[in-house]
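I pulled this one up to see where the empty space sits and how the helices pack. My notes follow, in the order I looked things up.

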Amino acid sequence: ARHIGVPSKYVALMAKEYFEEKGGIEGKEIKLIFADTKGESSVALREFERLVNEEKVCAIIGPTRTGTAVALFSKIEAAKIPVIMCVGGTPPVVPTKRWIFKTPQKTITAVEKICGYLKERGIDKVAIITSQDAFGAEGKKDLEEVMQKENIQIVAKESFGTKDIDMTIQLRKLIVTEAQAIICWTIGPAGATVAKNFKSLGAKQILIQCHGLPDPEYLELAGEAANGTIMPSTKTVVAQQLREDDPQREVVQNFVKRYEEEYGPVSTHSGYAWDAFMILANAIKKVGTDPAKIREAIEETKGYIGVSGIYNMSADDHCGLGVDSLVMVTVENGKWKLIE
């Protein structure tokens, strides 16, 4: 995924630079080796073999897509190499896999955040539109489960292919229902298409997107139509709007400043790779470069104040982020705005 993979690569270079200014990790130089999955499982498998067998890496960060991640599960467990994934979907960490961790919030965490927002506003009827891929299917499943528990009724459901260029027909069916909000679950350009189609229909509902969309590309592609849309996000895109007493404020602001000086506008995805790099570096600082020891040290990460949240990992939780790691944001005049 260009819009996720590219920022992740930038961030790895940025993190390497950050440690080099400090003389490496415990005096050791960092050697970065990049592998591009091109979003394809077969390529991911081939590149994983190369990293493990030829490059002899002690740990891996990535991939950034649920599909390529799932393809690697059995290979990773067999290779016994710790991997911190930057994947939005939940399969890497539910059920827990010994060698696999991830830094982005689990889908269900974002769904719970949205539900909290709906409850606060007295919204009890929604419609959903989800992409026909692993990520969209998972969003749909979690939305159904959490909404039922929270007594929020899903009055209608539609779906679309990630390559579709128009979702007007599906949206038209949703906006005539009694839904007060329409929730869209997808990442990438399709989310912007939904926003544009939704606006062109003059819908009265609010449009809520998922936690994978707060990035510059969404603002660019959706243009005017992004205004008024709402979504859960890490704090990166609203770094300057954080309260003084937010324990993450300084970490997030320093990261954003560093990133934007070099690469332009920050995305919610940028922070995930940074957090993965830091959690891994902390583990290496503690135990050296033995993969088994690194794995244990990652699992013992507690109270790590990251860009994307405060991480508390354990043997049962290889993600370590709760609902409080997310904020709700909206778009006003083409800019991100924190919803208090």
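**Entry 1: the largest pocket**

I sorted the lining of the largest pocket by class and got 25 nonpolar, eight polar and eleven charged residues. Note to self: this is a predicted model. The volume of this pocket comes out at about 1,200 Å³. I then checked who sits in the middle: out of 44 lining residues, Ile33, Phe34, Ala35, Ile60 and Ile61 are the closest to the centre.

Next I wanted to know which helices and strands build the lining. At least two residues each come from helix H1 (2–21), helix H2 (41–54), strand E1 (60–61), helix H3 (66–79) and helix H10 (268–287). Which of them gives the largest share? H1 does, with six residues.

**Entry 2: the second largest pocket**

I moved on to the runner-up, with a volume of about 560 Å³. Its lining counts 28 residues, and Lys113, Lys235, Asp324, Leu326 and Val327 are the ones nearest the centre. Split by class, I have eleven nonpolar, seven polar and ten charged residues here.

For this second largest pocket, helix H4 (107–120) and strand E11 (327–332) each put in at least two lining residues. H4 contributes the most, five residues.

**Entry 3: closed-off space**

General reminder: rolling a probe the size of a water molecule over the atoms shows where empty space is left. How many cavities of 30 Å³ or more does the structure hold? I find two. The largest cavity has a volume of about 90 Å³. Twelve residues line this cavity, and Val87, Gly88, Gly212, His269 and Tyr272 lie nearest its centre. I looked for charge in that lining and found none: the split is seven nonpolar, five polar and no charged residues.

**Entry 4: H10 and its partners**

H10 turned up in the lining of the largest pocket, and I followed this helix to its packing contacts. With helix H11 (residues 291–299), the axes come within 8 Å and cross at roughly 120 degrees. I have H10 down as oblique to H11 because of that angle. The crossing of the pair is right-handed.

On the H10 side, the contact uses Ile279, Leu280, Ala283, Ile284, Lys286 and Val287, and on the H11 side Lys293, Ile294, Ala297 and Ile298. By class that contact has eight nonpolar, no polar and two charged residues.

I checked helix H9 (residues 249–263) against H10 as well. These axes come within 11 Å, crossing at roughly 110 degrees. That is why I call H9 and H10 roughly perpendicular to each other. From H9 the contact takes Phe255, Arg258 and Tyr259, and from H10 it takes Ser270, Gly271 and Trp274. I count three nonpolar, two polar and one charged by class.

**Entry 5: H4 against H5**

H4 had given five residues to the second largest pocket, and I wanted its neighbour too. H4 and helix H5 (residues 134–149) have axes 9 Å apart and pack at an angle of about 45 degrees. H4 therefore goes into my notes as oblique to H5. The H4–H5 crossing is right-handed.

Which residues meet? In H4 they are Thr107, Ile108, Val111, Glu112, Cys115 and Leu118, and in H5 they are Phe135, Glu138, Gly139, Asp142, Leu143, Glu145, Val146 and Met147. The class split for this contact is eight nonpolar, two polar and four charged residues.

**Entry 6: backbone oddities**

Last job: I went through the loops for cis bonds and positive phi values. Gly62 and Pro63 are joined by a cis peptide bond, omega near -10 degrees. Pro63 is in the loop that runs between E1 and H3, and both E1 and H3 are among the elements lining the largest pocket.

The bond between Val94 and Pro95 is also a cis peptide bond, with omega about -5 degrees. I place Pro95 in the loop between strand E2 (83–85) and strand E3 (100–102).

Is phi of Lys80 positive or negative? The value is positive, near 55 degrees, and this is a residue other than glycine. Lys80 belongs to the loop between H3 and E2.

Note on methods
Residues are numbered from 1 along each chain as its sequence is written. This is a predicted model: local features need pLDDT of at least 70, side-chain atom pairs count only at pLDDT 80 or more; totals for chains, interfaces and linings use all residues. Side-chain values use heavy atoms; hydrogens and water are left out. On a 1 Å grid over the protein atoms alone, a cavity is a set of points where a 1.4 Å probe fits but cannot get out, and a pocket is an open set with protein on both sides within 12 Å along at least five of seven lines; lining residues have an atom within 4 Å of a point. Grid points are joined across faces, edges and corners, and a volume is the space filled by probe spheres set on the points. Helices (H or I, at least four residues) and strands (E, at least two) are DSSP runs, numbered from the N terminus. Ala, Val, Leu, Ile, Met, Phe, Trp, Tyr, Cys and Pro count as nonpolar, Asp, Glu, Lys and Arg as charged, and the others, Gly among them, as polar. Axes are lines fitted to C-alpha atoms, for helices over the stretch in contact, and angles run from 0 to 180 degrees between N-to-C directions. Angles under 35 degrees count as roughly parallel, over 145 as roughly antiparallel, 65 to 115 as roughly perpendicular and the rest as oblique. A crossing is left-handed if the near helix is turned anticlockwise from the far one by less than a right angle, and right-handed if clockwise. Contact means heavy atoms within 4.5 Å.
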